[in-house]
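Hi,

Here is the structure I promised to pass on. Have a look at it first, and then read my notes underneath.

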Amino acid sequence: QAFFENWISGGESSLSGFFNLDYHFNYSDRKGLVWDSYIALSLGGNKIQNSKLKKADDRFEINSQLGKQINPYWNYSVNLNLRTQILPGFRYYTLDNIAGQEKQSQFFSPAIVQLGLGWYYKKNKDSWINLSPLTGRIILVNPTFTKNLMEGKKYFGVEKGQNHKLYLGSALNGFKKFLLMQNISMENKFNIYLNYLN
């Protein structure tokens with residue numbers, strides 16, 4: 001929180017808040033089954049003096065890898081990834097000195113779902129890579145956002161009047177965690193998608 005009153009150099013009072021949840025599930029058995037998943041949720045907002053509370057961060061993601069061991073490090077794998085948001089998103093504007101807002105997104109609009117087959121390399125719980133040369137991806141949207149699109153415009157890649165867009169391609173995703181110093185670590189997640197069709 002920042003609060004200003006009769007402060008010579010000026011400024012605006014503000015209040016910000018953020019919530020973050022990042023949870024990992026790991027399972028393996030003696031028959032060579034490996035199942036690694038994580039759920040990530042982050043929500044945040046800020047309010048600047050004399051304005052509405054606005055969303056600053058909104059992300060919900062589930063990533064799950066199910067594998068069958070080939071050797072101690074490599075596995076055949078099925079990978080599922082879901083990404084969306086929880087709260088509506090708005091575009092803010094001013095017209096004739098009147099502030100307004102236009103709804104741009106909402107829960108599951110857009111939602112990106114990927115399902116892939118491939119190989120999964122896991123050195124340990126802090127380091128893994130999944131390569132899926134055969135991956136389907138679908139982008140789901142609410143058709144209320146596409147019905148009035150101008151000609152030639154798209155909503156997150158979805159055409160006018162449609163509610164989804166299908167892709168076929170390959171995906172590479174992974175996770176790496178570093179210990180920077182005692183009690184301080186850094187996590188890196190990446191997700192790359194190559195579309196075969198376009």
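Below is what turned up, going from the sheet to the hairpin, the pockets and a few backbone oddities.

One thing to keep in mind throughout: this is a predicted model.

**The sheet**

Start with the open sheet, which is built from 8 strands in the order β1-β2-β3-β4-β7-β8-β9-β10, with antiparallel pairing. At the edges you'll find β1 (14–28) and β10 (184–195); each has a single partner strand, so one side of each is left without a neighbour in the sheet. On average, neighbouring strands here are turned by 20° against each other, if you ignore direction. As background, strands of a sheet pair through backbone hydrogen bonds, and they can do so in a parallel or an antiparallel way.

If you want one strand pair to look at, try β1 and β2, which are joined antiparallel over 15 bridges. To find your place in that pair, go to D22: its bridge partner in β2 is A40.

**The β5/β6 hairpin**

β5 (89–95) and β6 (98–105) don't appear in the strand order of that sheet. They do pair with one another, running antiparallel with 7 bridges between them. T94 sits opposite A99 of β6. The hairpin has 2 residues between its strands, and in it D96 takes a positive phi near 55°.

**Two pockets**

The largest pocket holds about 210 Å³ of space. Its lining is G17, L43, G44, G45, L53, K54, K55, L87, P88, G89, F90 and Y92. Which strands supply at least two residues each to that lining? They are β2 (33–48), β3 (54–69) and β5. Sorted by class, the lining comes out as 6 nonpolar, 4 polar and 2 charged residues.

The second largest pocket comes to about 150 Å³. Around this one you'll see S51, K52, K54, Y92, Y93, T94, A99, G100 and Q101. Here β5 and β6 are the strands that each give at least two lining residues. The class split for this lining is 3 nonpolar, 4 polar and 2 charged.

It's worth clicking on K54 and Y92, since both residues are in the lining of the largest pocket and also in that of the second largest. T94 and A99, the facing residues from the hairpin, are part of the second pocket's lining too.

**Backbone oddities**

Most residues other than glycine have a negative phi, and most peptide bonds are trans. A few spots in this model go the other way.

- N50 is not a glycine, yet its phi is positive, at about 60°. You'll find N50 in the loop between β2 and β3. Is N50 buried or exposed? Its relative accessibility is 74%, so N50 counts as exposed, the cut-off being over 50%.
- F108 also has a positive phi, near 65°, without being a glycine. This residue belongs to the loop between β6 and β7. With 33% relative accessibility, F108 counts as partly exposed.
- S109 and P110 are joined by a cis peptide bond, with omega at about 10°. P110 is in the loop between β6 and β7 (111–124), which is where F108 is found as well.

If you only have a few minutes, I'd look at the loop that carries F108 and P110, and then at K54 and Y92 in the lining of the largest pocket.

Cheers

Conventions:
Residues numbered from 1 in each chain as written. Predicted model: local features only at pLDDT ≥ 70, side-chain atom pairs only at ≥ 80, totals over all residues. Heavy atoms only, no water. 1 Å grid on protein atoms, 1.4 Å probe; cavity = no way out; pocket = protein on both sides within 12 Å on 5 of 7 lines; lining within 4 Å. Points joined across faces, edges and corners; volume = space filled by probe spheres on them. Helix = DSSP H or I, 4+ residues; strand = E, 2+ residues; numbered from the N terminus. Nonpolar A, V, L, I, M, F, W, Y, C, P; charged D, E, K, R; others polar. Pairing = 2+ DSSP bridges. Axes fitted to C-alpha atoms, helices over the stretch in contact; angles between N-to-C directions. Buried < 20%, exposed > 50% of the residue type's maximum accessible area, 1.4 Å probe, protein only.
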